[in-house]
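The exercises below invite a careful reading of one protein chain, each with a solution that goes step by step. Please look over the sequence and the structure before turning to the tasks.

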Amino acid sequence: MPRPLWTGAISFGLVTIPIKVVSATENHSISFHQYHREDMGRIRTRKVCELDGEVLSQDEIGKGYEVAKDRTVPVTDEELDRMPLPTAKAIEIVAFVEADSIDPVRVSDSYYLAVDGQVAAKPYALLRKALERSDKVAVAKFAWHNRERLGLLRVREDAIVLHSMRWPDEIRSPESLAPRETELDEDEIERAVQLTDSMALDGISGFRDRYREALEELLAAKSEGKALPAAPEEEEEPGKVMDLMAALNASVKAAKETRGEDATVHEMTPGKPRTRKKAAPAAKKTAAKKTAAGKTAARKQPARKTAAKKRTAS
């Protein structure tokens, strides 16, 4: 088990569950050091006092809050730990809500809550079962890293997961970012929905970090003195799609080909919502089909206009 990041208890009504908090995620990103290009000397970040110019160790560094220019109030870790907060050593559950009511933009880091001793096993299992059967998630408050936080508790497999969340006033409004009201054709919406269906998956567990894999290959080649991996050949830039419907038609076709499905796409052209019409005579149907076959969705003149001209000429 990873090293606990925090120890305390879950406060569930009058029930107390001693727990340990461990990180639920791992960072697999490749990090770099900074070096002097001329002699490859390591570049390090040092913490230097502005008054005497001395380099300080972590033990010599304290916290302070600047209340005014040239006036800083020092604050110690002991003072922070003694603050009168009921959530100082407890994750206090304050409500149970439907999972769908939580905006994902508010969810931040994730942690597993592990039992701290055998005495915690039964109340831990009790809370887990209550969350599972109610199909709800628990909203909690807890104090960590010198601030009170809002949290979300849910069940993942047999463990309880704590997601730290942002407070409502920490979420910026997207009102100014939303596009202006735009007219959309019904056929465009239908094709977009068809694209989502053709790209649907049962889960996302199969995705991999391709960038990290390529970076590992690059570093291995350099360390062993081998030739660097060749970059993939760039494909010729396809012609620019002139309209939204053509882009949707091409996207649906490409998605079906990727999944090994029939890539036949019955192209739709933007226009007013289609209504059912009475059957036309066989001769007129044939003329309309021949005309429409030579047209594409990007053409400006609809096929029916060409057919109408032929009928007028006759």
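Two rings of Phe, Tyr or Trp, with the six-membered ring taken for Trp, form a pair if their centres lie within 6.5 Å, and planes over 60 degrees apart count as edge-to-face. The model to which this rule is applied here is a predicted one.

**Exercise 1. The aromatic rings**

Find how many aromatic pairs the rule gives, and describe the geometry of what is found.

*Solution.* Step one is the count, and by the rule it comes to one aromatic pair. Step two is the geometry: the ring centres of Phe-12 and Phe-96 are 5.9 Å apart and the planes stand at 70°, so the pair is edge-to-face. Step three places the partners in the chain: Phe-12 belongs to strand E1 and Phe-96 to strand E7, so the pair ties together parts that are 84 residues apart in sequence. Step four turns to exposure, where Phe-12 has a relative accessibility of 18% and counts as buried, while Phe-96, with a relative accessible area of 36%, is partly exposed.

**Exercise 2. The nonpolar core**

Determine which residues of the largest nonpolar core touch the most other members, and which elements supply the core.

*Solution.* A general tendency helps to begin with: in soluble globular proteins, nonpolar side chains tend to be buried together. The largest nonpolar core has 21 residues, and those touching the most other members are Ile-10, Ile-19, Ile-91, Ile-93, Leu-113, Leu-127 and Leu-153. At least two residues of this core come from each of strand E1 (6–12), strand E2 (15–23), strand E7 (90–98), strand E8 (107–115), H2, E9 and E11. Next, take Ile-91 and leave aside its neighbours within four places in sequence: its contacts then include Trp-6, Ile-10, Ile-19, Leu-113, Phe-142, Leu-153 and Leu-162. Finally, another core, of six residues, lies apart from the largest one, with Ile-102, Val-137, Leu-152 and Met-165 among them.

**Exercise 3. Salt bridges**

Work out how many salt bridges there are, and examine some of the pairs.

*Solution.* The count comes to eight salt bridges. One of them joins Asp-77 to Lys-63, with the closest N and O atoms 2.5 Å apart. Asp-77 is in helix H1 (residues 77–81) and Lys-63 in strand E5 (residues 63–68), so this pair ties together parts that are 14 residues apart in sequence. Both partners have their relative accessibility given: Asp-77, at 40%, counts as partly exposed, and Lys-63, at 41%, is partly exposed.

A further pair is formed by Asp-209 and Arg-212, whose side chains meet at 4.0 Å, N to O. Asp-209 is partly exposed with a relative accessible area of 39%, and Arg-212 is partly exposed with 22%. These two residues also belong to a network of salt bridges that links Asp-209, Arg-212 and Glu-216. In the bridge between Glu-224 and Lys-226, the closest N and O atoms are 3.0 Å apart, and both of these residues are exposed.

**Exercise 4. One face of a helix**

Establish where the buried residues of helix H5 lie when the helix is seen down its axis.

*Solution.* Begin with the length: helix H5 (residues 244–258) has 15 residues and spans 21 Å from its first C-alpha to its last, close to the 21 Å expected at 1.5 Å a residue. Then list the buried residues of H5, which are Met-245, Leu-248, Asn-249, Val-252, Ala-255 and Lys-256. Seen down the axis, the buried residues of H5 fall within an arc of 130°, so they line one face of the helix. These buried residues pack against helix H3 (186–198). Just after H5, Gly-260 takes a positive phi of about 75°.

**Exercise 5. Positive phi outside glycine**

Locate Asp-135 and Glu-157 in their loops, and decide whether each is buried or exposed.

*Solution.* As background, most residues other than glycine have a negative phi. Asp-135, although not a glycine, has a positive phi of about 55°, and its place is in the loop between helix H2 (121–134) and strand E9 (136–143). With a relative accessible area of 59%, Asp-135 is exposed, because exposed means over 50%. Glu-157 likewise has a positive phi, near 55°, and is found in the loop between strand E10 (148–156) and strand E11 (159–165). At 65% relative accessibility, Glu-157 also counts as exposed.

Note on methods. Residues are numbered from 1 along each chain as its sequence is written. This is a predicted model: local features need pLDDT of at least 70, side-chain atom pairs count only at pLDDT 80 or more; totals for chains, interfaces and linings use all residues. Side-chain values use heavy atoms; hydrogens and water are left out. Helices (H or I, at least four residues) and strands (E, at least two) are DSSP runs, numbered from the N terminus. Buried means under 20% relative accessible area, exposed over 50%, partly exposed in between (1.4 Å probe, protein chains only). A nonpolar core is a set of buried Ala, Val, Leu, Ile, Met, Phe, Trp, Tyr and Cys residues joined through side-chain atoms within 4.5 Å. Contact means heavy atoms within 4.5 Å. The expected span of a helix is 1.5 Å times one less than its number of residues. The arc is that of the directions from the helix axis to the C-beta atoms. Rings of Phe, Tyr and Trp (its six-membered ring) pair if their centres lie within 6.5 Å; planes under 30 degrees apart count as stacked, over 60 as edge-to-face and the rest as tilted.
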